[in-house]
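Thanks for having me, everyone. Please have a look at the structure on the screen, and I will walk you through a few parts of it.

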Amino acid sequence: MNWSKFLKNKLEIRKIEKLWRKRRIIENYNTRIIYINKKKYINFSSNNYLGLSHNKNIIESWKIALNKYGSGSGGSGHIIGYNEAHYKLEKDLENWLDYPQALLFHSGYSANQSIITTLMNKKDLIIADKLSHISLIESSIFSKAKLKRFPHNRMDILKKFSIQNDFSKKLIITEGVFSMDGDHSPLNKIHHIAKKNNAFLLVDDAHGIGVLGKEGKGSCEVYNIKPDLLIITFGKAFGLSGAALLCNKIIGEYFLQYSKGLIYSTSIPPAQASALSKSILQIRKSDCLRNKLNENINYFRKLIKNYNFPFLDSHTAIQPLIIGDNQKSLKLSNFLKKNGFFAQAILPPSVPKNSSRLRITITANHLFIDFEKLVELLNYFFNKKK
Ligand SMILES: *Cc1c(COP(=O)(O)O)cnc(C)c1O
């Protein structure tokens, strides 16, 4: 098969499966409202849970650091790209989350790739929740370790996999808050199983950090555990982008010596690191934003209780409305869009087959009226006379 045939075939498959993905240009965006083609929408698809992408203090500190350090870092952290702003951000993360070592990555995706492939090798075993983010699953496949996936949150199967002793090292992978279902994992139980079976535990808390726990310390604070490897990302509640690994000194040193993602890649701009330090400060003292977010979640859940919409029972900002049929999901998303509401349909392979959905995400910036109107529209869509 030649290249053009291969590419044409692959694209044709996406069209036949009706899973064609399309990007939209967002013209303006202030967390609650977005503009597409000059039309205004209430935005229910952002991970900007606290609205910090538009926080004046964070923007100002980015500007000040930009003037001080310039736009780029100039190299990898091992050459000249380890600026005092990066150092400060690491210290701020260590103090906040009470870990001896923080290391910075460009994104959650690249952090997971670098961390898992640097740790795991032939003869090792990775045990991951089936609903783990694709960055975790893909890098587990890329590593040479054996990968076993346990059904979502099934502790009996996790136990069964963890007991096995014919592997050199074992790594258990889960998330604090699952990105597509919005539920938690029983971190205390998983932590116990990991300890008992001499496995490292990796928790990706992309959707819990900043939002849950005291000072926004995330899912692990709520469950009172400290995983060996805690991944947090800055693209969600932080309102910026990037990621960090929190771990102990010796694990940290191992990554500094062996992680190709750290050694061979330009570090994030120092100004961004400064803005991230400001974002941590903001998050730590943002109980009122977290309260507002919880108020919004509770109000929304109270509203939908009166109907039998197929929502999953989620108590977090992620409220998945399971439709199943891809076409119907798209139809609902388009219907909402026509009425000024943006809620993106999520189709396989991002979610399991026959579980396509609308992933409605709630932020601290939404108004009660947004939820009231949204529920009215959902009611019309599901219950209108045919
Ligand atoms: C969003 C997300 C990532 C990817 O993080 P980016 O910084 O956006 O690359 C990784 N893991 C989970 C669980 C996520 O939800």
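M1, W3, F6 and L7 together make a nonpolar surface patch of about 520 Å², where a patch takes residues with over 30% relative accessible area and no salt bridge (a side-chain nitrogen of Lys or Arg within 4 Å of a carboxyl oxygen of Asp or Glu), and nonpolar side chains are joined within 5 Å. The areas come from the Shrake-Rupley method with a 1.4 Å probe. This is a predicted model, in which local features need pLDDT of at least 70 and side-chain atom pairs count only at pLDDT 80 or more, while totals for chains, interfaces and linings use all residues. Residues are numbered from 1 along each chain as its sequence is written, and side-chain values use heavy atoms, with hydrogens and water left out.

Within that patch, F6 is found in helix α1, residues 3-16 (helices are DSSP runs of H or I with at least four residues, strands are runs of E with at least two), and F6 is partly exposed at 34% relative accessible area, given that buried means under 20%, exposed over 50%, and partly exposed in between.

Let me turn to strand β8, residues 200-204, where four of the five residues are buried. Five bridges join β8 to strand β7, residues 170-175, and the two run parallel, with I172 standing opposite L201; strands pair if DSSP finds at least two bridges between them. On β9, residues 229-233, three bridges join that strand to β8, again in parallel, and L202 has L229 as its bridge partner.

How values were computed:
Patch = residues over 30% accessible without salt bridge, like charges linked within 9 Å, V, L, I, M, F, W, Y side chains within 5 Å. Buried < 20%, exposed > 50% of the residue type's maximum accessible area, 1.4 Å probe, protein only.
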